[in-house]
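Morning, everyone. Please bring up the model on your screens, and we will walk through it together.

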Amino acid sequence: MTVEIPVEKWSGKVIEVALGATAEEGGTRTHAVTVGGQTTLPFLHFEGAIPYPPRIAIEISDQRPGDWSPLLLEAWGDVVKDPAAWAKAAEEAGAELILLQLSLTKDGDTPVTVADAQAVTRQVLDATGLPLIVFGPGQVDADNELLVAVAEEASGERLLLGICEEKNYRTIVAAALAHNHLVTARTAMDVNLAKQLNILISDMGLPLNRIVMDPTSAALGYGMEYGYSVMERLRIAALQGDKMTQLPMLVTVGYEAWRQKESKVGVGVPEAWGEWEERAILWETLTTTTLIESGADIVIMRHPEAVRRARVFIDRLMGK
Amino acid sequence: MALTGLQIYKLLPQTNCKECGYPTCLAFAMKLAAKQAELADCPYVSEEAKAQLAAAAAPPVRLVTVEGPGHKIEVGNETVLFRHEKTFFHQPGLFVRVKDTTPVAEIKAAVEAAMGYAVEYVGMSLHLDGVAVEAASGDAATFKAAVAAVLEVTDRALILMAADAALLETGLSATNGTRPLLYAATAENWEPVAALAKAKNSPLVVRADSLDEMAELTEKIKGAGVQDMVLDPAVRGLADTLVTLTQLRRLALKKNFRPLGFPLITFPGEVAEDLLDEAAFASQHIAKYGGFIVLDRFTPASAYALLALRANIYTNPQEPIKVQPGIYEINDPKPASPLMVTTNFSITYFSVANEVDGSGVPGWLLVADAEGMSVLTAWAAGKFDAERIAKAVKSTGIEDKISHKKLVIPGHVSVLLGELEEELPGWEILVGPREAVDLAGFLKLWNA
Amino acid sequence: MSRYIATRAIRGSNALVAEAEALLKQAVEEKGADTPVAFPNTAYFLPVTFGMLAHEVNTLGDLEFSLAHAKKLLHPLPEDNLWVPYLGETLDSGMATLLAAEAIEGVRFAYGEEPTLYPGLELAGSTSYPQLNGTGHLNGPIDDIQLRSWGIQLVDGRMPGFAALVGAAHSNEAAVAIVRELQRRNILTFLCGNTNGRSVIDQLHEEGVEMGYDTYIVPFGTDTISAIYPLGFATRSALTFGGLKAGQWRDILIYNKFRVFAFVLALGEVDDLKYAAAAGAISYGFPTIADTVIPEILPTGVTRYEHVISMPWNEIEAETEEERAAKMVQRAIEVRGVKVKITEVPVPVAYGSAFEGEVVRRADMRAEFGGKNSRAFEYLLMAPMDEVEDGKIELIGPGLDTLDEGGSMDLALVVEVAGRKMQEDFEPVLERQFHYFINGASGIQHIGQRDITWIRISKAAAEKGFDLKHFGDILYARFHADFGAIVDKLQIKIITDPDLHAEWLAKAREAYDFRNRRLADLTDDAVDTFYSCILCQSFAPTHVCVVSPQRLGLCGAYNWLDCKASYEINPTGPNQPIQKGQCLDDDKGYFAGVNEYAKMASQGTVEEVTMYSIMENPMTACGCFECIVMVIPEANGVMVVSREDPSMTPAGMTFSTLAGIAGGGLQTPGIMGVGKFYLTSPKFVSADGGFKRIVWMSSFLKETMAEEFKQVAEREGDPDLIAKIADETICTDVEGLLAYLESVGHPALTMDMMF
């Protein structure tokens, strides 16, 4: 019996977005990292193109992150005090992109200044040749102030700047326009909100191939399935030809997984949760692998061991 | 093509006898159309109507039941490729494999650990579904002893794995009163294995190296009288498995291709180097179309992660997980700590609880029964109104635990303020932020 | 197009191009063609020349190409006896002027004559010229770093735009007033030119106004030629922020027209060269507002609205120079289409949506307006632009202080709105916002609308100083903040004077009546566009509401006009226009465009949808419906249960159980969620027999909509129809329903069979 395999004929294609600029392109990165370009659902190689694998970014912070789980601090060791060294360590741990997370304050309560943000960006750029993602502290005024400065400091590097949200995107987009960077657009797990923000940002004149969307992810056990389904819907809409959904997707899995008790703490939790470190790494790994299956193009992770597992998973899915 | 409720109604007796449990034939028909009711519940439906309805309603993926002495698991009956289209109905069975070449005592210990495992997750107790016993020894007596040993320590469902019908039969002889899944019929052994499955009324895994061969084989086995089948397409790599399982689900759903309309079985451990990789691979099979997932490694942490993932993926997107209404204590609250109210939609609860937790401010979180809807939706549907909130305040006895009478309501339902003041005389109603993320800032300003 | 302006601009440009040619010829002779020419600190060469012509000027020799091109754009003066539209010629001349002006500044840089020295002037932040050794100087062109920094603010909207002041103001005082007004509005100010030798730069310098990057006031030069720098800034903005390449001249001009909110204030007498430069600015979409008498150029499409406006300084009605400056800048802003942004509501009580649900009880009440003892109404009307003074709030009649504690008085809130995108149809949409806006103030309660408005002010609010005038402040701030897309200006009258109250009430009632008739005339057949609402897809991902004039949204909150206005306000929002397209079935209401849209917006889940049938491909529902309509096959009709009705229905299910079947974005023939006003529409399930099919209806609906239903019954030719419809006080099961219908002879029993 010959079974006729159903093949979907999608009309749409995910836009290719290149992060980082080499010397030739006006930056200093050793190479650019491209995502997108798919013409079918994740890893269905038999019916379409999957030109690039999902990319792993590792999150580092400008300040020693006081609220991180001891497991993470232990895993990275001393480098967490030195963003440049941390970036190098992240590269060695298998990162293809570095996320530099800026803080609101340093040493407790003095605000991080424009000069601080520029200096740390420069240090990280000097320390690694990987393309850089920079997120502001997540507070509107500080984001706008610091990211504009960072954009200027790294002019031409094609950084991915974040996080643009509907309530605050104009300044970040303007900075990206001025200095040839990209932005990430976050919306709250909703297809239409995602589309709307993409429209608003591209209306400002930023080409779609400089926008990555972040449909908002949640950790395993904490509503991950919502993000999972919204990502599937976005990707299906993109393949059906809906232009404003055809952007690559980014998920902050490390942040999400490590703020949950399962990963964060080792005491005062049910015995059935098992061994702490194993559980914590599994939590980040499974959050990552599942969202990769639903279409994530960039996964921002935290623990080197979870990164190693995600790498195995991605390589196998790409047929390596 | 699925029938609409009105089309089904025409086929029903239209007597409104109510014996199906629904008030009218139309209500019943609409429930049938939504696949939320069974036709068998109607005692008076005509044979002709039954035939017409059954043809339209036959599930594209067959429902297969595997039973142990004390538990059973049903897999199949799926109707969509993506959970957002409707929902995934039957969670894949998570099984742990033991081999009969392992000493009996170790087998028992392993099975006891894995099957004795249970973990609490949003008010549910989650556990694994059963044990796969493999006749790795090739020796009938050893296999039988291993099966017997497993059944001594668990009453969950079994999968018996052996190369030929004789071995399987010996294994089966130790499983009286249960309905294990037999593994596996192949092009070489299908005749005796199918005969055994038919004789014992056992569900049967069919393994073939290509979908063409698989479809031929299932037709033959069906011809031999076996209906309940499970497919092993014999691919193990992560990429190939995703592609093949997707193709099989599509064939069943989109082409209504009956020869391959069965649940699927996977073995992620066979290509994994250790526990963490195996769990990662298994995560794919949970999300993408696995029906029975046979694990080779077990730890409490990996079981918890996989069970939570399975619960997440198989959550009905149209009927979200609810949390138990009541009072939740966060950061060890004192009588003077703030009291906030929200709905019992799990995501709403988690967002609020996480933000309060993260703020470091101790607080009382009152979760009202809003039928599992988020704040705005529940409000729009009248499930989170002043009356319900007041009821939650009064019924939980929170008044005895706190020293103040101030209640913070979500900013999105600020319109309830006036009504709430009427419903809760003597209380001060405060309007909190619209979004949970702004709670920390709000709470910092609190002084009760 | 003004022939006068055309003549003068063409003459001005001819002269300047000739001057530039002569200057360049001399420069090449004196210094050689290879002498470098560059503006400081920019990667854009001479930016206007680079942007328009993709020509990189590096040397004096390179300027020959620029001027050759400028010459090609020159035209002869219009003949006295031949009248043609001169727009094209004028714009060409403007562009020639810009190329020539930039060439002249280039030559000056080659000679070291730029930036212009201005001894005694110390700029607060400027492009640095180390070679000047600290001698006072004007700024010259803006450097790239400053361009990016300001550009970001212009692009993200923190800075509304820039103004180029050319010439000299009426007086020093006037100059300061204008600049202060621009600063107050966060508008970047560029200074150039002179009038009879005096420049606005001189005026500000004399008055001690600090100039420089840090104060957002940049003095470029004291001749009109330096007006090229603001346009170089504009050109580079398009290249930097618009992602455009040199040579895309058309796109660069369009970018500026739509995204760079700049305008020219021509101060003092306008000479030929100023006309020529203004013509150049018009190409960028930048209008000119002159403080002298000159001919005006009204809209022709190059700039967004008017091109040239005359506002003679002495004729501006005002008491002070500040007021005059404010009016002139306000006018400029309107002409350019810059929107006012207001973020705070200036009232003495707390303000926010958190207070929307507050109730002011009689005991806590300072005063009330409307209700039993007085009459209050609200009326919003559209008015011509020049009849509305933005921000004017008048209290006409006795104030709150004349009222006893707990007293009551007549009140009218009349809002006149002007806006270039305002339509009369939006009046009721905006008027309904009064309720939400006013309720946002702590201690104020607002109920009702139109002439049944009922407002209470609490004692607490009055003690904090809340007065009647604050209603105006609230409305002013909120309309600008929330409806800025269609509201450009508004003025508010708060009327307590009895005569005026009566007069306006009559006008308002006439308008209400007109609107009612307008709504009645607004039929599905009369329009070619419906609107979508996909607000609820966050929880019902496949639900698509299609809102037509005769079928409002199922939540009851959005009718067709609301959706239309919502789309104007937020073009990327949840309400999108749907072209009806070909009508495929008149009766059931199948439209090609609606099907196409529903399929797209439901991600393929809903393939077809009828507008007027419950039996076939009915519209989906989210969960927000006001009522549920469900077929009762036994009665050959439908029942309608409202959200407020908790009782059992003849369908054997209560509202909440039915909601589970009707909602969720699934098409379920036989059941449908609707807005209650759809029940009164002639298109209510018209394919299935219409209103006469209703055999049972929640008594809540019967009571609250008695008036509307009475009219429907008459329309249906059966005045007793409503009484024939059962409700939960009559029966809650099918058997009882059938008995009742038989007893009253309900028409559904004899209509065509639904099945």
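Start at Lys469(C). Lys469(C) is partly exposed, because its relative accessible area is 41%. Its partner is Asp473(C), and the two form a salt bridge. The closest N and O atoms are 2.9 Å apart. Asp473(C) has a relative accessible area of 11%, so Asp473(C) is buried. Both residues sit in helix α15 of chain C, residues 469–483. They are four residues apart there, so about one helical turn separates them.

One caution before we go on: this is a predicted model.

Now, how many salt bridges are there over all chains? The count comes to 69. The general idea is simple: side chains of opposite charge can pair when their charged atoms come close.

Stay in chain C for another pair. Arg420(C) forms a salt bridge with Glu306(C). Here the closest N and O atoms are 3.9 Å apart. Why does this pair tie together parts that are distant in sequence? Arg420(C) lies in the loop between β11 (411–418) and α12 (427–431) of chain C. Glu306(C) lies in the loop between β5 (288–290) and β6 (308–310) of chain C. So the pair ties together parts that are 114 residues apart in sequence. Buried or exposed? Glu306(C) is buried, at 13% relative accessible area. Arg420(C), at 27% relative accessibility, counts as partly exposed.

Over to chain B. The side chains of Glu134(B) and Arg97(B) meet in a salt bridge, 3.1 Å from N to O. Glu134(B) is in strand β6 of chain B, residues 130–134. Arg97(B) is in strand β3 of chain B, residues 93–99. The two are 37 residues apart, and the pair links distant parts of the chain. Glu134(B) and Arg97(B) are both buried. They also belong to a network. Salt bridges that share partners join Arg97(B), Glu134(B), Asp232(B), Arg236(B), Glu270(B) and Asp296(B).

Next, the place where chain B meets chain A. In chain B, 54 residues are in contact with 50 residues of chain A. The size of an interface is often given as the accessible area lost when the parts come together. For this pair of chains, the buried area is about 4600 Å². Carbon and sulfur atoms give 64% of that area. Which residues of chain B lose the most area to chain A? They are Arg250(B), Leu276(B) and Tyr304(B), together 14% of what that side buries. Five salt bridges are found across this interface. Look also at Asp277(B) and Arg309(A): their side chains meet in a salt bridge, 3.1 Å from N to O.

Arg309(A) comes up again beside Thr285(A). Leaving out residues up to four places away in sequence, Thr285(A) touches Ala306(A), Arg309(A) and Ala280(B). Thr285(A) lies in helix α10 of chain A, residues 276–293. At 2% relative accessibility, Thr285(A) counts as buried.

One more spot in chain B: Val323(B). Val323(B) lies in the loop between α11 (300–313) and β13 (326–330) of chain B. Val323(B) is buried, with a relative accessible area of 7%. What does Val323(B) touch, not counting residues up to four places away in sequence? Tyr328(B), Asn344(B), Ser346(B), Tyr349(B) and Val367(B). Compare His71(B), 252 residues from Val323(B) along the chain. The C-alpha atoms of those two are separated by 26 Å.

Now step back to chain C as a whole. Chain C has 23 helices and 23 strands. Its C-alpha atoms fill a box of roughly 110 × 65 × 55 Å, taken along the principal axes. Chain C has 755 residues, of which 60% count as buried. Take the contacts in chain C with a separation of 6 or more: residues 24 or more positions apart account for 72% of them.

Last topic: cavities. The structure holds 12 cavities of 30 Å³ or more. The largest has a volume of about 170 Å³. Its lining has 17 residues. Val166(C), Ala227(C), Val264(C), Ala277(C) and Ala281(C) lie nearest the centre of that cavity. Four elements of chain C give two or more residues to the lining: β1 (162–167), α8 (228–241), β4 (262–267) and α10 (272–283). Which element gives the most? That is α10(C), with four residues. And the make-up of the lining: 14 nonpolar, two polar and one charged.

That is the tour. Over to you for questions.

Technical notes:
Residues numbered from 1 in each chain as written. Chains lettered and ligands numbered in written order. Predicted model: local features only at pLDDT ≥ 70, side-chain atom pairs only at ≥ 80, totals over all residues. Heavy atoms only, no water. 1 Å grid on protein atoms, 1.4 Å probe; cavity = no way out; pocket = protein on both sides within 12 Å on 5 of 7 lines; lining within 4 Å. Points joined across faces, edges and corners; volume = space filled by probe spheres on them. Nonpolar A, V, L, I, M, F, W, Y, C, P; charged D, E, K, R; others polar. Salt bridge = Lys/Arg side-chain N within 4 Å of Asp/Glu carboxyl O. Buried < 20%, exposed > 50% of the residue type's maximum accessible area, 1.4 Å probe, protein only. Contact = heavy atoms within 4.5 Å. Buried area = accessible area lost by both parts, 1.4 Å probe.
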